[in-house]
Amino acid sequence: MESISDFVQYLVSSLSVGGLYALMALGLVIVYGISQLINFAYGELIMVAGYGLLIFGRSWLPWLIVAVMSILCAIIFALGMDQIAFKPVRNASPTTMLITSFAVSTLLQNIALLFISPRPRAPRLPSIFVKSVEVVGIRVKIVDVIALAVSIVALIALQIFLRKSIVGLSLRAAADDFTMTRLVGVNANKVIATAFAISGLLAGIVALFWIGRIGQVLPTVGFQPVLIAFIASVVGGLSSIKGAVLGGYILGFLTIGLQTWLPQDVNAYRDAIMFAIVIVMLLVRPEGLIRPAFSRETR
Amino acid sequence: MTLLYLSKLNVFYGANHAVRDLDLQIEEGEIVGLIGANGAGKSTTMMSIMGAVKPRSGAVVFDGRNITGMAPEDVLKLGIAPVMEGRRIFQSLTVGENLRMGAATVADKDQVAKDIERWCILFPILKERYDRPAGNLSGGQQQMVAVARALMSRPRVLLMDEPSLGLAPLIVADIFKLIAELRSLGMTVLLVEQNVRMTLNIADRAYLLNLGRVEFSGTPDQIRAEADIERTYLGGGQTSAPAASPATAS
Amino acid sequence: MGNISRPLVSKWSTPVILIGLCVLVALIAIVRDDAVFLRVVTVMFISVLLAVALQMFMGNSGLGSFGQYAFVAIGAYASLWFGLSEQQKRVTLPDMPESWWIHSQHYPFELAIVAAMIVTGIVGGLIGIAFVRLRGASFTIATFAFLIVINRVALQWEEVTRGSRVVIGVPKQTTLWIAVAWACLAILVAFVFKESPWGLKLRASREDEDAAASIGINVKLMRWIAWTISCAMSAIGGALWAYFIVQFTPNNFYLHETFLIVAMLVIGGAASVSGAVVGAISVALSSEFLRQTENWLNTQRNDGTTIGNLIPFQLIGFTEIVLAVVMISVLILRPSGLLGGRELRFPRGTPQPGVTDLAENIDE
């Protein structure tokens, strides 16, 4: 660590990346919690929002409206994949559901390949994505600060939704005991659709910053985020919202830390090390760092 | 007035004829016991009332309306709330959140707030543990949460499946006292129980089930008077009961 | 079952039919004598072998693996280590230090395949000791994580794989008949395993692991056996493929390939060997047909012909879209696959319900 300024930079980028990772993991976990589906096609929701940015961005609309429309696209696709592909296999084994989501993921990627382009395209992005500011001698990227703020706001908003609204309560209740949730009169399909909608919303928010960071969108753009979401949620705890958030932030600090301090040739093995950790976690502590407080009832 | 009745109800689990030609009726304001050994068809009967199991034939009529084969959500909205075996509270939700989930079908927020207050007075433990995860509560306390949660939808009939299961005898006595108290508040209760003695202490009438059939029905006194029944089904009957049916397993 | 011999005869007709089917397709390829078709069919038999290997594990255990191509990759590269001469290694794997023991190893093609199989079997067996403890989705995620680990390691470890650069100078030694022979052997192995006491026990655990364990079945051991054999068989596929395609990188053993092999198994029906064979043949042939159509349409488009003018853009990914749609439809409408989990048999006497019951599909 050279100086305070380096440390603050590290802190800001770790927190901002960690926040994004937390949102990625949450999008996966919120669906897994109630339907036991690990949605491989979650990355393609990020892709959809990315192409939304590209396509709507060509219009004269202000960028913020473009961003909102892109997020809406991700939500619509999330609801659509639930209705068309996942609802019919809801009672099948987790393995079947996982294979289905793998197929949905391939399908959407190749649709983008066929109808848009295999080549990366650069969507219109506002200048804040490249600018930096200097505050008391410390240089930070504006986008990092915004990402940090947005992720924290999103996490708090989600927490309020899950604690205060009856739909949010139903989501948590359904993760505890799905059958009983139906028996208190909650419409099961609605709850699951809500989970998918939130997943799409999170994917959309993530897409803004992820694509803002890399500056381009291509059919496989969602793959890296979905891998990150896998790692973060397995490490943090697949059935725990808190775990997903924790896992996301841990991974954020870890990636930025490794990038900063690890020699380049070791860094090449970063993904391999991360996924080796995933395997070890699954074996040693399959419930993740944050154990669900209570063993789940059999459904 | 007859609030709920079943007529000639037949339920199958695959080839297993779990409930046979069952007739049953519950008057408003009554506690009716449904007793019998493990696998007698008690839970299956309850599940058919609440719509969790579809009967092959026969009818479930509630308040003059045929509700046979209706979805559980709709049955609940009509005013029949279940308290499931094993309590099935939402463990990671707080006690308060469990109560709010019980009123998931109620749109009127004031009513929900008023009801929560009301049940917190009747069950002081709920108030005490209001913001704690319900999974941290003891078995007896969880049963209170389960009952209060069911009451939150303002049902006219409460279906209770084995509320005494797995609880210490002292707690069981408390639970039964509570059920009797509910009647004084005007609640109608169908009580499915293996604990025959306790059930007969509080019930107005009871049905004795054996192998899916009503073996005997009447007032607690009438049932107690049947010494034979006592010996056959209520005494050693439980240990020599037929293998558990899917009804009790599910 | 009163008459033991009859169901046995009927049962063993399955590998006979499947092997006959393979030989028939191979003969058609020989008779047609068309270089492209010959290539397609040879690759198809490697897919049959891989699908059968995956079926042996997935179909019997009911667990999903996304990690098979990790072992295909290990098999492919291991076959280079053992099958290339020192001279060839200097070209193909130039970064491998000559002081390494493996650098001096050189065996005939067939032995190199066996060596690759043993190496992969050991790797698979070791990782399998840990993996068999996992259930359901955790297992699939772990295998997927392993695929990524192997992919990333292979891309970086230039000494043993040449990293992300294409390996060159591998002799083309896999012929149609070699591929057919190994595919048929794989079918036989998978079938024998399925009908063996081990296979039966494993299938008993498919629906309810705890129930199977409670009647004294060592589920984890049965799983491990199937997994390890499946890994070793996958290595054969990798080796055959390496010596047929002769130019590849670690990224040729990754997601797209995983998708194809899983699609084959799902479409054919994962619960039976016949399902894997039929799935592999139909997916391989139809995707080749689709790809050729795709290419033809693209040529038309480039040439600006009448049909070509109707195509608004370059067709890419069309094949995968069709496959994915078929796969999702099968999962929804017929989760047990085209064959419904049944084996192909000669109709002989009365049907044997007791035998077919065991071959039921993996999804309820």
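Start by selecting A:Arg172 and B:Glu97: the two form a salt bridge, with their closest N and O atoms 2.9 Å apart. (A salt bridge here is a side-chain nitrogen of Lys or Arg within 4 Å of a carboxyl oxygen of Asp or Glu.) Before going on, note that this is a predicted model, where local features need pLDDT of at least 70 and side-chain atom pairs count only at pLDDT 80 or more, while totals for chains, interfaces and linings use all residues. Residues are numbered from 1 along each chain as its sequence is written, chains are lettered from A and ligands numbered from 1 in the order in which they are written, and side-chain values use heavy atoms, with hydrogens and water left out.

**Stop one: chains B and A**

Keep that pair on screen and widen the view. Over all chains, the salt-bridge count comes to 25. A:Arg172 sits in helix α6 (residues 166-176) of chain A and B:Glu97 in helix α3 of chain B, so this pair joins two chains. (Helices are DSSP runs of H or I, at least four residues, and strands are runs of E, at least two, numbered from the N terminus.)

Now select everything in this contact, meaning heavy atoms within 4.5 Å. You should pick up 20 residues from chain B and 21 residues from chain A. Between them, chain B and chain A bury about 2,100 Å², and 60% of that is on carbon and sulfur atoms. (Buried area is the accessible area, 1.4 Å probe, that two parts lose on being put together, summed over both.)

How many salt bridges are there between chain B and chain A? The count is 4. On the chain B side, colour α2 (72-78) and α3 (95-102), the elements that give two or more residues to the surface touching chain A. That side of chain B divides into 10 nonpolar, 5 polar and 5 charged residues. (Ala, Val, Leu, Ile, Met, Phe, Trp, Tyr, Cys and Pro count as nonpolar, Asp, Glu, Lys and Arg as charged, and the others, Gly among them, as polar.)

**Stop two: chains A and C**

Swing over to chain C. Of the 2 pairs of chains in contact, A and C share the most contacts. Don't hunt for a link from B to C: no contact joins those chains, and their closest C-alpha atoms lie 15 Å apart.

Select the A–C contact and you get 40 residues from chain A and 46 residues from chain C. The area buried here is about 3,700 Å², with carbon and sulfur atoms giving 81%. Show A:Phe102, A:Leu114 and A:Leu283 as sticks; in chain A these lose the most area to chain C, together 18% of what that side buries.

Next, zoom in on C:Arg152 and A:Asp271, a salt bridge whose closest N and O atoms are 2.1 Å apart. On chain A, the elements giving two or more residues to the side that touches chain C are α3 (63-86), α4 (94-115), α9 (223-236) and α12 (270-284). Of these, α4(A) brings the largest share, 16 residues. By class, this side of chain A has 32 nonpolar, 7 polar and 1 charged residues.

**Stop three: inside chain C**

Finish with two helices of chain C, α3 (residues 68-83) and α6 (residues 136-156). Their axes come within 7 Å and cross at roughly 30 degrees. That makes α3(C) roughly parallel to α6(C), because angles under 35 degrees count as roughly parallel, over 145 as roughly antiparallel, 65 to 115 as roughly perpendicular and the rest as oblique. (Axes are lines fitted to C-alpha atoms, for helices over the stretch in contact, and angles run from 0 to 180 degrees between N-to-C directions.)

Show C:Tyr69, C:Ala70, C:Phe71, C:Ala73 and C:Ile74 in α3(C), which meet C:Phe146, C:Leu147 and C:Ile150 in α6(C). This contact has 8 nonpolar, no polar and no charged residues.
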